[in-house]
Amino acid sequence: MLSTGEPSESDPERESGDPTLTVRGLTKRYGDTVALQDVDLTVEEGEFVAVVGPSGCGKSTLLRVLSGLEESFGGRAAVDGVDVRDGGSDDVGMVFQEPRLLAWADVRENVAVGLPDGVDPDAPGAQERVNELIETVGLDGFAGSRPGELSGGMAQRVSLARGLAYRPEVLLLDEPFSALDQLTKYEQQDNLLEVWTERGTTIALVTHDVEEAAYLADRVLVLGGEPGTVATVIDVDTPRPRDRTHPEVVAARDAITDALGV
Ligand SMILES: Nc1ncnc2c1ncn2[C@@H]1O[C@H](COP(=O)(O)OP(=O)(O)OP(=O)(O)O)[C@@H](O)[C@H]1O
Ligand SMILES: [Mg+2]
């Protein structure tokens, strides 16, 4: 949490009851392009929120703001009650839309990059953790491969493993399964649910896949238009574990599709 590394509860700047993610009146411009306009979002601790919307409506921009990568924007964005421009939280993990792997490093080294600061990647416990993550994303046998030798879907899974390595309290995921075949996608979605359930991680996941949003999320934020504004928010109250064909999940998927106007 922040630069102190202390848990959020003991953070003096955090007011009790602060949501984990708070976005108020967020407006982000790139030159003449208005990427986001007046966006509000609240994500409580341990909540799983999906963000959907047409290409170019500002989904990645929203995650970039929350991860502290953007300094200039209007409105407020805070993690654990601390404005991202004041440092936000150190405990935020981001899985980018493109894998962003180190070309000269193999899969094992690329995953190890995600280990928390100060953890020696060569220490036995760390190696075990990296191997476990590689296995979880279904890449055992490829630990020594370099990114240039991987398919797009494999590279995406390395990026996912790197994001999980840190065990952050907040995970921001930008279309993490978009390049995966259906079966692998289902496996990785369930793996993410397992991480979420076991660790109580707060998750914001961007996706184009309405079925994925309905299956995974407690709440789905539908962004619309250019500039991106919140078109609607859809609650998915279906108890877990969910069945992908549960009528409520299907109804949520249809409601999201309707809201997207597709
Ligand atoms: N670094 C940048 N410089 C200039 N314009 C940008 C930059 N990043 C994003 N934009 C613009 O901001 C708008 C939102 O982009 P963003 O990447 O957030 O969309 P997105 O919803 O993630 O789209 P996609 O679904 O295609 O990933 C787009 O019009 C895009 O061209
Ligand atoms: Mg994007």
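The C-alpha centres of domain 1 and domain 2 lie 23 Å apart in this predicted model. Domain 1 comprises residues 1–9, 30–91 and 168–262, and domain 2 comprises residues 99–167; these bounds come from an automatic or database domain assignment. The contact between them, defined by heavy atoms within 4.5 Å, takes 19 residues from domain 1 and 13 residues from domain 2. About 1,200 Å² is buried between the two domains, with 58% of this area on carbon and sulfur atoms. Buried area is the accessible area (1.4 Å probe) that two parts lose on being put together, summed over both. P168, Q188 and N191 supply 34% of the area that domain 1 buries against domain 2. No other three residues supply more.

Residues are numbered from 1 along each chain as its sequence is written, while chains are lettered from A and ligands numbered from 1 in the order in which they are written. Local features need pLDDT of at least 70, side-chain atom pairs count only at pLDDT 80 or more, and totals for chains, interfaces and linings use all residues; side-chain values use heavy atoms, with hydrogens and water left out.

Ligand 1 has 14 residues around it, each with a heavy atom within 4 Å of the ligand. S55, K59, T61, Q97 and H208 come nearest. Polar contacts were taken as pairs of N or O atoms within 3.5 Å; within protein, one atom must be able to donate a hydrogen and the other to accept it, and residues adjacent in sequence count only if both atoms are side-chain atoms. An N or O atom in the side chain of S55 is 2.5 Å from an oxygen atom of ligand 1. For T61, a polar side-chain atom lies 2.5 Å from a ligand oxygen. The corresponding distance for H208 is 2.8 Å. On its own, ligand 1 has 630 Å² of accessible area, and the protein covers 62% of it. Accessible areas come from the Shrake-Rupley method with a 1.4 Å probe; for residues, only the protein chains shown count as cover.

Two elements, β2 (33–43) and α1 (59–66), give two or more residues to the shell around ligand 1. Helices (H or I, at least four residues) and strands (E, at least two) are DSSP runs, numbered from the N terminus. The most is given by α1, with 3 residues. By residue class, the shell holds 4 nonpolar, 8 polar and 2 charged residues. Ala, Val, Leu, Ile, Met, Phe, Trp, Tyr, Cys and Pro count as nonpolar, Asp, Glu, Lys and Arg as charged, and the others, Gly among them, as polar.

D209 sits in the loop between β8 (202–206) and α6 (210–216). A polar atom of the D209 side chain lies 3.1 Å from the backbone nitrogen of E211. The C-alpha atoms of D209 and D122 are separated by 38 Å, with these positions 87 residues apart along the chain count.

Backbone geometry was also examined. Most peptide bonds are trans, and most residues other than glycine have a negative phi. A cis peptide bond joins E226 and P227, with omega about 5°. P227 lies in the loop between β9 (219–224) and β10 (229–235). Another cis peptide bond joins R240 and P241, with omega about 0°. P241 lies in the loop between β10 and α7 (247–260). R167, in the loop between α4 (152–165) and β7 (170–174), has a positive phi near 50°.
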